[in-house]
Amino acid sequence: MRVIIVGGGKTLYFLCRSFTAKGHHVSIISPDREECVQLARQLPATVIHGDGSDSGILKEAGSLDADALLAITQNDHDNLVICQLGSLKFGIPKILALANDPDNTEVFEKLGVASFSTANIVGSLIEQRAAMEQITNLLPVSDGRVIVTEILVAENSPITGRLLKDADLPGNALIAVIVRDNKPIIPSGTDHVLAGDRIVLITLPENHGPTLKMFTDETD
Amino acid sequence: MRGSRFIVVVGCGRLGSSLANQLSRAGHAVVVIDWDESTFGSLSQDFSGFRVNGDATHLAVLKESKLGKADILIATTHEDNVNVMVAQVAREIFQVPHVLARVFDPKREEVYSRLGIDTICPTTVATGMFLDAALKKPADGRENS
């Protein structure tokens, strides 16, 4: 995969290191000349010094045949414009912008740019800590794109006592196995979830948190 | 006043303050936004509009400026990307009927027009005016055949 990352700082460095280690081809665009020199020494990546919201610079970084573009600068307005350029002018299939201000995730969404907010992610990680105690196994598969979780169902959880077909699970989540009294059941819509059951769940990272909430105590 | 409009001006530099002063003098309701409070000093004594001190790329600041009720938004900051973001947010989220953005880099006008934003590029405007002045009215009357 050919990836273009626009930004700077430690996040960019470690992201790029992880991408190149997995064999992806990475081009970095940074407005800081000094940082560009450092990055070029440290990483097996193409490093371009310039403004990522300039279409000439984006083209130089290989936008015409890039598979993904990631804009993680400190300025939301730059991230937005970089991603819009990448998708409108160069037709890069996957674009992702960092929203420094969490409110902007909604704004970017409405303007057609996929985004993420570190503040939101860290916040939801902390909320998930309550659920952690019930989780007995957690396994990211397919490079972290799918999460398999084994979780103990709490007494007062929203799903306790409900039929699976009425469970109202978030989309892209699946109850794969119910283990009751050490006996695994491959469930159908007419099975119940009971307190004390162990559930093997399959989720995508984006709805992992909301799905776990279905199995934890509502009163927490 | 008849034909009075509610206009939000983003950026209170030379262009922004000059626009705000003239629009206010013409009887329009004006809100000026700038993150640097000291720029409001360039508003004239008789400026009767509101000043909002904050970063216009933050939704909360635009809400405080009552952008949802505005007839026109003009983005005049010295950063192209700020102007383009604010213009899009004004149109798509606050449904402002008329949105204008200043853009410095003429190369970018094409992409911005694809995003449906009306832009004015001072360089392009000035180039046109200079060309007109230089070529269409030969000052000393010498004719080129």
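How many nonpolar, polar and charged residues are in the lining of the largest pocket? Counted by class, that lining holds 22 nonpolar, 17 polar and nine charged residues. Please keep in mind as you read on that this is a predicted model.

**The largest pocket**

The space in the largest pocket comes to about 1,800 Å³. It is lined by 48 residues, and those closest to its centre are L96(A), F116(A), I121(A), G144(A) and P205(A). Several elements of chain A give two or more residues to this lining: helix 1 (9-21), strand 4 (68-71), strand 5 (94-98), helix 5 (104-110), strand 6 (115-116), helix 6 (118-132), strand 7 (135-141) and helix 7 (205-213). Which element supplies the largest share? That is helix 6 of chain A, with nine residues.

**An aromatic pair in chain A**

Over all chains, the count of aromatic pairs is one. The partners are Y13(A) and F14(A), whose ring centres lie 5.0 Å apart; their planes stand at 75°, so the pair is edge-to-face, the cut-off for that class being over 60 degrees. Y13(A) is partly exposed, at 21% relative accessibility, and F14(A) is partly exposed as well, with a relative accessible area of 41%.

**Two residues of chain B**

Now to chain B, beginning with H28(B). This residue sits in the loop that runs between helix 1 (14-25) and strand 2 (29-34) of chain B. Its side chain reaches the backbone nitrogen of R5(B) at 3.0 Å. R5(B) also appears among the contacts of H28(B) beyond four places in sequence, together with G3(B), S4(B), I7(B) and L23(B).

V31(B) belongs to strand 2 of chain B. Once neighbours within four places in sequence are set aside, V31(B) is in contact with F6(B), I7(B), V8(B), V9(B), F50(B), V52(B) and S65(B). I7(B) is thus a contact of H28(B) and also of V31(B). For a longer span, take V31(B) and H78(B): they are 47 residues apart along the chain, and 18 Å separates their C-alpha atoms.

Are H28(B) and V31(B) buried or exposed? H28(B) is buried at 17% and V31(B) is buried at 5%, because buried means under 20% relative accessible area.

The table sets out the accessibility values for the residues discussed here.

| Residue | Relative accessible area | Class |
|---|---|---|
| H28(B) | 17% | buried |
| V31(B) | 5% | buried |
| Y13(A) | 21% | partly exposed |
| F14(A) | 41% | partly exposed |

Key:
Residues are numbered from 1 along each chain as its sequence is written. Chains are lettered from A and ligands numbered from 1 in the order in which they are written. This is a predicted model: local features need pLDDT of at least 70, side-chain atom pairs count only at pLDDT 80 or more; totals for chains, interfaces and linings use all residues. Side-chain values use heavy atoms; hydrogens and water are left out. Helices (H or I, at least four residues) and strands (E, at least two) are DSSP runs, numbered from the N terminus. Buried means under 20% relative accessible area, exposed over 50%, partly exposed in between (1.4 Å probe, protein chains only). A polar contact is a pair of N or O atoms within 3.5 Å; within protein, one must be able to donate a hydrogen and the other to accept it, and residues adjacent in sequence count only if both atoms are side-chain atoms. Contact means heavy atoms within 4.5 Å. Rings of Phe, Tyr and Trp (its six-membered ring) pair if their centres lie within 6.5 Å; planes under 30 degrees apart count as stacked, over 60 as edge-to-face and the rest as tilted. On a 1 Å grid over the protein atoms alone, a cavity is a set of points where a 1.4 Å probe fits but cannot get out, and a pocket is an open set with protein on both sides within 12 Å along at least five of seven lines; lining residues have an atom within 4 Å of a point. Grid points are joined across faces, edges and corners, and a volume is the space filled by probe spheres set on the points. Ala, Val, Leu, Ile, Met, Phe, Trp, Tyr, Cys and Pro count as nonpolar, Asp, Glu, Lys and Arg as charged, and the others, Gly among them, as polar.
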